[in-house]
Every structure is written in C-alpha cells, then in structure tokens.
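Student: Could you walk me through this one slowly? I'd like to follow along residue by residue.

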Amino acid sequence: MNFDIITTVFLAFVGYLITYLYDKRQHSRSESLALVNQRLEKFYGPLYFSTIAGKTSYETLLKKIGRDKVNDNPSNSELKEWRDWVVNIFMPINIRQRDIIYENAFLVMEDKTPECLVNFVKHVSELEVIAYKWSRNDFSEHFPISDYPRDMEKYFVDSYVRLKNEQNELIGRK
C-alpha cells in the first residue's frame with residue numbers, strides 16, 4: 001500500500017514537473033516571439049522598406065540625370081534637381097527613419113548601437129541643415145560632410161531576414 005502511495009505521489013510530481021517545464025518553455029517562446037514581432041513591426045521592418053525606397057529613388061535620380069554619382073562636379077541644373085529630390089523625397093524618408101531610430105533604438109538586436117545607425121543620424125542632421133539653408137535661398141552647400149552609410153542597407157536586409165527566419169521558427173513554420 002505504501003508503494004502505491006509513493007508511486008502516485010511520484011507520478012503526480014513528475015507530471016507537475018513536466019507541465020511546469022512545458023509551460024515555462026511556452027512562455028519563453030511566446031515572449032521571444034513578441035519581441036521579434038515588435039522588432040519587425042516597429043524597427044527593422046519600417047527601416048528595411050524605407051531604406052529600399054530611398055535607394056530606389058536615388059537610383060532613379062541618377063538615371064534621370066545620367067550620372068553614377070550626384071556629388072561629382074554637378075552642373076547647376078543637376079544641383080537644382082538634387083535639391084528638389086532631397087527636399088521632396090530623401091528628407092521625408094530620412095526624417096522618418098531617424099525618428100524610428102530615436103523612438104525605437106531599444107529594439108536594436110546588438111548590445112552596442114551599430115555604427116551605420118550613428119553615421120546615418122549624423123548624415124541626416126547635416127543634410128537637414130543644408131536643406132534649411134536652401135529654404136532661405138542659401139545654396140552655398142549641397143552635400144553633407146558625412147556620406148550616407150552604404151552599409152546600412154546590408155544591415156537592415158540581414159537583420160530583417162534573420163528576424164523573419166526567427167519569427168517563422170518560433171511560430172513553427174520551419
């Protein structure tokens with residue numbers, strides 16, 4: 001009789017332990033999925049797609065003016081075209097991206113802020129001042145000192161794909 005009680009208690013304990021460990025794993029998985037979703041929705045997704053939009057727009061501008069680079073000894077008409085694109089296309093995208101970075105930097109996957117994000121914010125700040133001068137008819141500057149960080153696109157593409165894969169794995173699609 002004692003053996004039956006011990007066996008029952010033991011099986012109940014094992015059942016409880018299995019349930020506890022399963023629930024703990026499910027909770028951890030749910031929390032991980034929530035963080036991945038938040039990163040995709042509020043940070044990496046918008047930055048990824050707006051970076052692609054900015055790149056495509058820049059390529060369209062280059063095609064329109066028939067150049068490989070805008071800032072390589074442009075003509076006056078090319079500078080005017082550049083100003084129109086900066087004010088109407090690039091700055092709205094850049095400002096939206098900068099605001100996303102400012103408001104959601106806590107969602108960065110790395111322990112340290114990636115250098116491309118720091119360089120981007122610096123580039124946008126410089127270009128914002130230049131665009132402001134244009135609004136006051138001061139065309140003494142056209143290009144920021146800091147170049148647009150070309151590694152930003154790779155960073156967002158790689159991060160977005162990594163998070164989508166992690167998301168699919170967490171919801172059981174892989």
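Tutor: Before we look at any loop, it helps to know that a helix here is a DSSP run of H or I with at least four residues, and that helices are numbered from the N terminus. Please also keep in mind that this is a predicted model.

Student: Okay, so where is N73 found?

Tutor: N73 sits in the loop that lies between helix 1, residues 2-65, and helix 2, residues 76-104.

Student: And what's the phi of N73?

Tutor: The phi of N73 is positive, about 55°, although this residue is not a glycine.

Student: Is N73 buried or exposed?

Tutor: N73 counts as exposed because its relative accessible area is 66%, and the cut-off for that word is over 50%.

Student: Now N137, which loop is that in?

Tutor: N137 belongs to the loop between helix 3 and helix 4, the latter covering residues 151-170. N137 is not a glycine either, yet it has a positive phi of about 60°, and with a relative accessible area of 63% it is exposed.

Student: Switching topic, which helix does S125 lie in?

Tutor: S125 is part of helix 3, which runs over residues 115-135, and because its relative accessibility is 30%, it counts as partly exposed.

Student: What does the side chain of S125 reach?

Tutor: The S125 side chain reaches the backbone oxygen of V121, at 3.0 Å.

Student: And how far apart are S125 and I95 in space?

Tutor: From C-alpha to C-alpha, S125 and I95 are 9.1 Å apart, while in sequence they are separated by 30 residues.

How values were computed. Residues numbered from 1 in each chain as written. Predicted model: local features only at pLDDT ≥ 70, side-chain atom pairs only at ≥ 80, totals over all residues. Heavy atoms only, no water. Helix = DSSP H or I, 4+ residues; strand = E, 2+ residues; numbered from the N terminus. Buried < 20%, exposed > 50% of the residue type's maximum accessible area, 1.4 Å probe, protein only. Polar contact = N/O pair within 3.5 Å; in protein donor to acceptor, adjacent residues only side chain to side chain.
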